[in-house]
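Dear colleague,

I am handing over the structure below, which is a predicted model, and my notes on it follow. Please read them with the coordinates open beside you.

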Amino acid sequence: MAEENVNPEEEHTPVEENTEQPEVAKDEFGGEIVIEGKSKVVSRVVSMDSLPEALRVDLSADQLQGIALLNFKDDITAGNGETKDTQIGKGAINNAISAYLFNALSTIPNHYIRADGNYMVIVAGKVLPIEVIFRYKAVGSFAKRYGIDGGPSIMRMVDGIIEPLIEFCLKSDELDDPVIGEGAMIQLGLVGRDTLDTVRRMAIQTANTLKSIFALNNIDLIDGKLEFIENMGGTILLADELSPDSFRLVDFNTGESLDKDIFRKDGSEVTDKYQVVLDRLKAGSEIHTSGAGAGKAGQ
């Protein structure tokens, strides 16, 4: 057999490793983007000086490590991203509505610090891998799932307090956010029992407060989605957004939809309807409790 023509030097030449680090996506203020969703972006805050003056908060170096920046995009989606559009002004309106409602919910621990334009300074934290759905009436996907017609009430009275029906969903776009039972969440290690009990209690309190706020402004809150985080100190906080993108809202007098349903149905423009919600909140009863604001960064 003929000898193979092998060059010993080539045979033992080490493979050159690629030591270049992948480029990190950053926001317009130089902060590293850590989460980018369909309608929002979360990034780190490099320094308060890097932000517009309207967003700056007086924080210590330690507190700065515990905050982030939330950017409300003008993108709107439905059907788990199957229907998409960009509607100018939508992000700023949702941010303003969310800021108003987080302030009104200041007695419920939440991530809100300050907002302006499309941006909200928030408490950073670990996002819990579940979404909480609260329902006062059987409509939408819930009614379709169980073959219910007519949108009957599914509230219940507990110790003299009205409570919405609470469902939990696995936070996963890939799996289309499936409904998941409490036992499965605990057995799979998604959340512990104490955390789950805290989230349920906070969700009911949040939903009932929101329903009262909207009712005062001639809007019926039918159902909605809430998300929660665990901050650096281990405290559970209400997070994400509180807007018509996440709630089903109906005008009490006309029955007109004031939420993303109008986009889900035919891709209609939503900014005018969202503006109606914001205008009513601004003009309605001022519900504000002291304690919201910069102090939350230290939670």
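For helix H6, the 24 residues at 1.5 Å a residue should span 34 Å, and the C-alpha atoms at its ends are 35 Å apart, which agrees with that expectation. The helix covers residues 193-216, and its buried residues include Leu196, Val199, Ala203, Ala207, Leu210, Lys211 and Phe214. An α-helix has 3.6 residues a turn, so residues three or four places apart point the same way. After H6 comes Asn218, whose phi is positive, near 65 degrees.

Turning to the rings, a search of the whole structure gives 6 aromatic pairs. In one of them, Phe29 and Tyr119 meet edge-to-face, with 5.1 Å from centre to centre and 70 degrees between the planes. Because Phe29 lies in the loop between helix H1 (8-11) and strand E1 (33-36), while Tyr119 belongs to strand E7 (residues 119-123), this pair ties together parts that are 90 residues apart in sequence. Phe29 and Tyr119 are both buried.

Another edge-to-face pair brings us back to H6: Phe214 and Phe247 are 6.2 Å apart, centre to centre, with 80 degrees between their planes. Since Phe214 is in helix H6 and Phe247 in strand E15 (residues 247-251), the pair ties together parts that are 33 residues apart in sequence, and both residues are buried. Ring pairs also link Phe214 and Phe247 with Phe134 and Tyr136 into a cluster. Lys211, one of the buried residues of H6, lies over the face of Tyr136, at 4.5 Å from the ring centre.

With best wishes

Definitions and conventions. Residues numbered from 1 in each chain as written. Predicted model: local features only at pLDDT ≥ 70, side-chain atom pairs only at ≥ 80, totals over all residues. Heavy atoms only, no water. Phe/Tyr/Trp six-rings, centres within 6.5 Å; stacked < 30°, edge-to-face > 60°. Helix = DSSP H or I, 4+ residues; strand = E, 2+ residues; numbered from the N terminus. Buried < 20%, exposed > 50% of the residue type's maximum accessible area, 1.4 Å probe, protein only. Lys NZ or Arg CZ within 6 Å of the ring centre and 35° of its normal. Expected span 1.5 Å × (residues − 1).
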